[in-house]
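Below are some comments on the aromatic side chains, set out as numbered points.

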Amino acid sequence: MELIVLGSCGTWPSAGGATSGFLVRHDGFDLWLDAGSGTLSRLQSYTPLSSIDACLITHGHPDHFVDLYPAYYARHYFEQGPGKLPLGAPDDFFGRFEQLVSEESRDTVRETYAFAAPTPGEPFELGPFRIEAFEMEHIGVRAFGYRIAVDGVVLAYTGDSGPCEAAVELAHDADLFLCEATWQQHDRLAPFHMSAAQAGEHATLAGAKRLVLTHIMPIHDRERSRIEAAETFDGPIDVATEDARHEVGG
């Protein structure tokens, strides 16, 4: 399984960057995991829009899904891919997304995307992947983290979450733990996001083999985040950067 970083910034993109979004690939199957602003452009550097096989969205905050809108426009009105693209997200997401379009256009959104809401604790399949959703600790909307397994390797992704036991369960023995690390130690910590040090703590408790930090605020020094995570996790640590490619379990 390969993880390609399309966007890694928290809340707004840095110059030339993008907010949360990843491409997960295995055996010819392309899974778009979160679709923050700027990720659609980067996605097309790796695969045509028409070749995306499925999407997973962690929650209904704009920095994690807004590029689904231009993707809908391209696929439906300009035939850049077949209809009924599988799209998994929390059950409160779909009404939120449909509000981006006029009431008259909502039928075409449903023609473009095949909406499905995973149930936490009930694994499901998308292409070659076996996926399980975990309810994260966030604010204002329902938020999922996803555990994605294939051929004996596991990628765990928090999306946005504050410190919680579910994030530890999500990342249990994961080969790669892609964890949000919004804050640094000098910030006033809020319970709906994690600091880099807290990401490291969760990786340690989970027994994760490798930690990749993401959702770092553009104003923060990323090396500082990596150093703070290393104070609480003694395994390999990377900071997600746009266009980085990670072999999960490799």
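How many aromatic pairs does the structure hold?

1. The model is a predicted one. The count of aromatic pairs in the structure is 16. One of them joins tyrosine 69 and tyrosine 73, with 6.5 Å from centre to centre and 45 degrees between the ring planes, and is classed as tilted.

2. Where do tyrosine 69 and tyrosine 73 lie? Both are in helix H2, which covers residues 68–77. They are four residues apart, about one turn of the helix.

3. Tyrosine 69 has a relative accessibility of 31% and so counts as partly exposed. For tyrosine 73 the relative accessible area is 40%, and this residue is partly exposed as well.

4. The rings of phenylalanine 94 and phenylalanine 115 form a tilted pair, because their planes stand at 45 degrees, and a pair is tilted when the angle is neither under 30 nor over 60 degrees. The ring centres are 4.6 Å apart. This pair links distant parts of the chain, 21 residues apart: phenylalanine 94 belongs to helix H3 (residues 93–98) and phenylalanine 115 to strand E6 (residues 113–116).

5. Is phenylalanine 94 buried or exposed? Its relative accessibility is 12%, so phenylalanine 94 counts as buried, the limit being under 20%. Phenylalanine 115, at 25%, counts as partly exposed.

6. Which residues form one aromatic cluster with Phe94 and Phe115? The other members are Phe65, Phe93, Phe97 and Tyr113.

How values were computed:
Residues numbered from 1 in each chain as written. Predicted model: local features only at pLDDT ≥ 70, side-chain atom pairs only at ≥ 80, totals over all residues. Heavy atoms only, no water. Phe/Tyr/Trp six-rings, centres within 6.5 Å; stacked < 30°, edge-to-face > 60°. Helix = DSSP H or I, 4+ residues; strand = E, 2+ residues; numbered from the N terminus. Buried < 20%, exposed > 50% of the residue type's maximum accessible area, 1.4 Å probe, protein only.
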